[in-house]
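Colleague: I am new to this model and would like a close look at one part of it. Please take the cysteines, and set them in the context of the whole chain.

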Amino acid sequence: MRNLSRVLSLSGSEMLFLAHCLLVVAAVRLGLTLFSYNRLRRMVTQLDAPHEASIGDLRRVAWGVAAAARLVPYASCLTQAISGQYILARQGNASKIRIGIERDTGTQLKAHAWLMSGNHIVLGGSINGFAHLVDHGQ
């Protein structure tokens, strides 16, 4: 009930953006189920994104994708990172997906994905405790 009152308190443009994020996150989640990560990544990186996003744009995307991901089952860190990268790229803003593995986990491998724009972490939380493997994006 509390979440419903939060949604109803949003402005019209915020509701539209949240709905857009929900559609993107759901589509990316379905895409990761049906296709490979590399295929989805190629689709996103084909978009021309030459600009650096403002902090306001990064916060808006982080909020929208994180809120939408709470409504989409199994919307992992990778799902969120690809969704955020797609939304930013559609706005003409460059970003990259960083993939790493958690250090000192013994025999269990734990991977994580972040969305980065410049030196800013947009989605995925802190990178502390993770070894950097690869960056994908513009």
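Modeller: What follows starts with the chain as a whole and then turns to the cysteines. The model is a predicted one. The protein chain holds five helices and four strands, and in sequence order these run α-α-α-α-α-β-β-β-β. Its radius of gyration is 15 Å, close to the 14 Å that the globule rule gives for 138 residues, so the chain is as compact as a globular protein of that length. The C-alpha trace spans about 45 × 35 × 30 Å along its principal axes. Among contacts with a separation of 6 or more, 69% join residues 24 or more positions apart. Of the 138 residues, 37% count as buried. The chain exposes about 8,200 Å², and carbon and sulfur atoms supply 56% of that area.

Now the cysteines. A search of the whole structure finds zero disulfides. Why does Cys21 have no such bond? The cysteine sulfur closest to that of Cys21 belongs to Cys77 and is 17 Å away, which is too far for a bond; a disulfide needs the two sulfur atoms within 2.5 Å. Seen from Cys77, the closest cysteine sulfur is that of Cys21, again at 17 Å and too far for a bond.

The surroundings can be described for each residue in turn. Cys21 is buried, with a relative accessible area of 0%. Cys77 is partly exposed, and its relative accessible area is 23%.

Terms used:
Residues numbered from 1 in each chain as written. Predicted model: local features only at pLDDT ≥ 70, side-chain atom pairs only at ≥ 80, totals over all residues. Heavy atoms only, no water. Helix = DSSP H or I, 4+ residues; strand = E, 2+ residues; numbered from the N terminus. Rg over C-alpha atoms; globule rule 2.2 N^0.38 Å. Buried < 20%, exposed > 50% of the residue type's maximum accessible area, 1.4 Å probe, protein only. Contact = heavy atoms within 4.5 Å. Areas by Shrake-Rupley, 256 points an atom, 1.4 Å probe, with all protein chains shown as cover.
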